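Colleague: Hi, have you got a few minutes to walk me through this model? I'd like to start with the sheet.

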Amino acid sequence: MQIWTVANQKGGVGKTTTSVTLGGLLAQRGEKTLLIDLDPHGSLSSYFGYNPDTIEESVYSLFHREVAHSHMPLASMLRRTSMPKMDLLPASTALVALDRQIGAQEGMGLVLHDALNEYKSHYQAVIIDCPPTLGVLMVNALAACNQLIIPVQTEFLALHGLERMLKTLEMIMLSNKHALNYTIVPTMFDKRTRASKDCLEQLRKTYTEHLWNECIPVDTQFREASRAGQPLCTLNALARGNQAYSRLLSRLQLVDETDMDMMRAAG
Ligand SMILES: Nc1ncnc2c1ncn2[C@@H]1O[C@H](COP(=O)(O)OP(=O)(O)OP(=O)(O)O)[C@@H](O)[C@H]1O
Ligand SMILES: [Mg+2]
């Protein structure tokens with residue numbers, strides 16, 4: 001099972017759009033896909049028509065069942081999306097209190113990892129959409145995944161956010177004692193603006209190995225897709241934004257394969 005986390009401590013950089021669009025492309029290719037919404041704001045859940053203020057069972061129940069020692073099955077928390085091959089583990093607003101409730105408790109960093117382990121045979125791909133904050137939810141996502149995707153908006157303020165995210169990653173990798181491969185994805189690139197071009201150039205100078213060598217363009221069709229509650233691939237597969245995510249998907253799958261080859265070679 002391929003598990004990807006989409007994270008950046010900076011808000012509004014395209015995390016949720018990246019999660020939905022990549023998930024849609026995987027499902028369209030026939031892979032049984034699970035999207036997980038870890039953001040208390042629940043944008044990903046709202047995308048597919050679920051209200052995070054009123055939803056009953058959500059990813060919050062996963063953490064709660066751990067504390068309450070209940071055996072509520074993960075299946076009871078899952079919801080449908082617009083695509084038959086793609087399910088959603090929604091967020092609820094209650095997640096906002098999670099750090100205060102359980103953040104300091106031993107073992108809470110592996111709740112998602114353990115739950116997905118139980119579900120290995122059900123899905124070929126899992127994509128985890130993180131909130132723009134470092135806390136127990138992001139820690140869980142980073143411990144559960146085998147690749148991290150960091151969307152970075154192509155504007156200068158976003159570069160600071162990227163540095164902060166990479167420091168967080170380093171800290172978490174040290175405490176988990178396992179290296180995590182990551183890919184930096186420039187998003188919302190507007191070729192008409194100097195700022196976008198300068199920022200991309202700066203990214204290319206600073207981050208070579210982990211930077212995807214293309215970018216996701218600004219495309220108003222993402223807004224249309226979210227209004228329709230569908231990933232862009234089912235609304236307009238030919239949209240520039242969708243085509244760019246499709247090329248990104250090939251790169252991410254290559255990173256996974258290279259990782260697997262290295263693990264096999266290491267025995
Ligand atoms: N490539 C793009 N072109 C045009 N609009 C985009 C693009 N990517 C994202 N958007 C829009 O920008 C807004 C923010 O995107 P998104 O919600 O994906 O960011 P986010 O990082 O998940 O935000 P948050 O940190 O609040 O969770 C949304 O309205 C989305 O439709
Ligand atoms: Mg989001």
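Colleague: Which residues of β5 point one way, and which the other?

Modeller: Ala125, Ile127 and Asp129 point one way from β5, while Val126 and Ile128 point the other way. All of these residues are buried, that is, under 20% relative accessible area with a 1.4 Å probe on protein chains only (over 50% is exposed, and in between is partly exposed). Keep in mind that this is a predicted model, where local features need pLDDT of at least 70, side-chain atom pairs count only at pLDDT 80 or more, and totals for chains, interfaces and linings use all residues; side-chain values use heavy atoms, without hydrogens and water. Residues are numbered from 1 along each chain as its sequence is written, with chains lettered from A and ligands numbered from 1 in the order written.

Colleague: Thanks. How many of the residues in β5 are buried, then?

Modeller: Five of the five in residues 125-129, so β5 is largely enclosed by the rest of the structure. The strand and helix names come from DSSP runs (E, at least two residues, for strands; H or I, at least four, for helices), numbered from the N terminus.

Colleague: And what is the strand order of the whole sheet?

Modeller: It is an open sheet of seven strands, with the order β3-β4-β2-β5-β1-β6-β7 and mixed pairing. Two strands count as paired if DSSP finds at least two bridges between them.

Colleague: Which strands stand at the edges?

Modeller: β3 (79-80) and β7 (181-187). Each has a single partner strand, so one side of each is left without a neighbour in the sheet.

Colleague: Back to the middle. How does β1 pair with β5?

Modeller: β1 and β5 are paired in the parallel sense, over five bridges. Trp4, for instance, has Ile127 in β5 as its bridge partner.

Colleague: What about β2 and β5?

Modeller: Five bridges there too, and those strands run parallel. Thr33 has Ala125 of β5 as its bridge partner.

Colleague: And how many bridges join β1 to β6?

Modeller: Three, with β6 (residues 147-153) running parallel to β1. Val6 stands opposite Ile149 of β6.

Colleague: Changing topic: I keep looking at Leu89. Where is it, and is it buried or exposed?

Modeller: Leu89 sits in strand β4. At 1% relative accessibility, it counts as buried.

Colleague: Which residues does Leu89 touch?

Modeller: Leaving out residues up to four places away in sequence, Leu89 touches Leu34, Leu35, Ile36, Asp37, Ser58, Val59, Leu62, Leu74, Met77 and Leu78. A contact here means heavy atoms within 4.5 Å. As for Glu57, it is 32 residues from Leu89 in sequence and 9.0 Å away in space, C-alpha to C-alpha.

Colleague: Val59 and Leu62 are in your contact list. Which residues of α3 are buried?

Modeller: In α3 (residues 59-68), those are Val59, Tyr60, Ser61, Leu62, Phe63 and Arg65. They pack against strands β2 (33-37) and β4 (86-89), and against helices α4 (98-102), α5 (111-118) and α6 (136-144).

Colleague: What follows α3?

Modeller: His69, with a positive phi near 50°.

Colleague: Now, pockets. What is the volume of the largest pocket?

Modeller: About 690 Å³. Of the 25 residues lining it, the closest to its centre are Met1, Cys145, Asn146, Met260 and Met263. On a 1 Å grid over the protein atoms alone, a pocket is an open set of points with protein on both sides within 12 Å along at least five of seven lines, a cavity is a set where a 1.4 Å probe fits but cannot get out, and lining residues have an atom within 4 Å of a point. Grid points are joined across faces, edges and corners, and the volume is the space filled by probe spheres set on the points.

Colleague: Which element gives the most to that lining of the largest pocket?

Modeller: α11, with nine residues. β1 (2-6), α5, α6 and α11 (240-265) each supply at least two.

Colleague: Last one: how much space lies in the largest cavity, and what lines it?

Modeller: About 40 Å³. The lining of the largest cavity consists of Leu142, Ala143, Leu169, Ile172, Met173, Asn176, His178 and Leu180. α6 and α7 (156-176) each supply at least two of the lining residues, and α7 gives the most, with four.

Colleague: Great, thanks!
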